Amino acid sequence: QSQLVESGGGLVQPGGSLRLSCAASGFILDYYAIGWFRQAPGKEREFIAATIKSGSSAYYADSMKGRFTISRDNAKNTGYLQMNNLKPDDTAVYYCAADPKLHNLVVVTTDKDTYVEVWGQGTLVTVSS
């Protein structure tokens, strides 16, 4: 069974940093693009970033550029999201997802007809003093 498990969430003060991990099991992550998303209370899920299978290139939502960095280690079957200078508005459940097509990850939150193959269960990030 294909599965993604996020970890690394928690409570952090404004200005702090967190590194989220996304561990894949039941499938080989090398063959999939990875994406990160978040959903704040009462809001729609939004796209953060996605990286291609090799990890050599990444695509970011305009609002996420600068403070968020996506990466992956295919040898560990794991993806990462480094988050810096966190703000209270970054409080949300963060999800990772995997799909053979990077495009699907980029558009899934705006195109209701797009399907992404594997989703994690999410990890909560709370930014508060």
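## Exercises on a predicted model

Tyr 94 touches Glu 6, Leu 20, Phe 37, Arg 38, Ile 48, Phe 68, Leu 81, Met 83, Gly 122, Thr 123 and Val 125, leaving aside residues up to four places away in sequence. The exercises below concern this predicted model.

### Exercise 1

Determine which residues have the most contacts inside the largest nonpolar core, and which elements supply this core.

**Solution.**
Step 1. The largest nonpolar core has 39 residues. Those with the most contacts inside it are Leu 4, Phe 27, Trp 36, Ile 48, Leu 81, Met 83 and Tyr 94.
Step 2. At least two residues of this core come from each of β3, β4 (33-39), β5 (46-51), β7, β8, β9, α1 (102-107) and β11.
Step 3. The largest share, 5 residues, is that of β9.
Step 4. As general background, nonpolar side chains tend to be buried together in soluble globular proteins.

### Exercise 2

Describe the open sheet of 4 strands and explain why β1 and β7 each have one side without a neighbour in it.

**Solution.**
Step 1. The order of the strands is β1-β3-β8-β7, and their pairing is antiparallel.
Step 2. The edges are formed by β1 (3-7) and β7 (68-73). Each has a single partner strand, so one side of each remains without a neighbour in the sheet.
Step 3. On average, neighbouring strands of this sheet are turned by 20° against each other, direction ignored.
Step 4. At the β1 edge, 5 bridges join β1 to β3 (residues 18-25), and the two strands run antiparallel. Within this pair, Leu 4 stands opposite Ala 24 in β3.
Step 5. In general, strands of a sheet pair through backbone hydrogen bonds.

### Exercise 3

Establish whether Val 125 is buried or exposed, and identify its surroundings.

**Solution.**
Step 1. Val 125 belongs to strand β11 (residues 123-127).
Step 2. A residue is buried when its relative accessible area is under 20%. Val 125 has 0% relative accessibility and therefore counts as buried.
Step 3. Beyond residues up to four places away in sequence, Val 125 touches several residues, among them Gly 9, Leu 18, Met 83, Thr 91 and Tyr 94.
Step 4. Pro 88 is 37 residues from Val 125 along the chain, and the C-alpha atoms of the two are separated by 9.8 Å.

### Exercise 4

Locate Thr 91 and state which backbone nitrogen lies 2.9 Å from a polar atom of its side chain.

**Solution.**
Step 1. Thr 91 is placed in the loop between β8 (78-83) and β9 (92-99).
Step 2. The backbone nitrogen in question is that of Val 127.
Step 3. With residues up to four places away in sequence not counted, Thr 91 touches Ala 40, Pro 41, Val 125, Thr 126 and Val 127.

Key
Residues are numbered from 1 along each chain as its sequence is written. This is a predicted model: local features need pLDDT of at least 70, side-chain atom pairs count only at pLDDT 80 or more; totals for chains, interfaces and linings use all residues. Side-chain values use heavy atoms; hydrogens and water are left out. Two strands pair if DSSP finds at least two bridges between them. Axes are lines fitted to C-alpha atoms, for helices over the stretch in contact, and angles run from 0 to 180 degrees between N-to-C directions. Buried means under 20% relative accessible area, exposed over 50%, partly exposed in between (1.4 Å probe, protein chains only). Contact means heavy atoms within 4.5 Å. A polar contact is a pair of N or O atoms within 3.5 Å; within protein, one must be able to donate a hydrogen and the other to accept it, and residues adjacent in sequence count only if both atoms are side-chain atoms. A nonpolar core is a set of buried Ala, Val, Leu, Ile, Met, Phe, Trp, Tyr and Cys residues joined through side-chain atoms within 4.5 Å.
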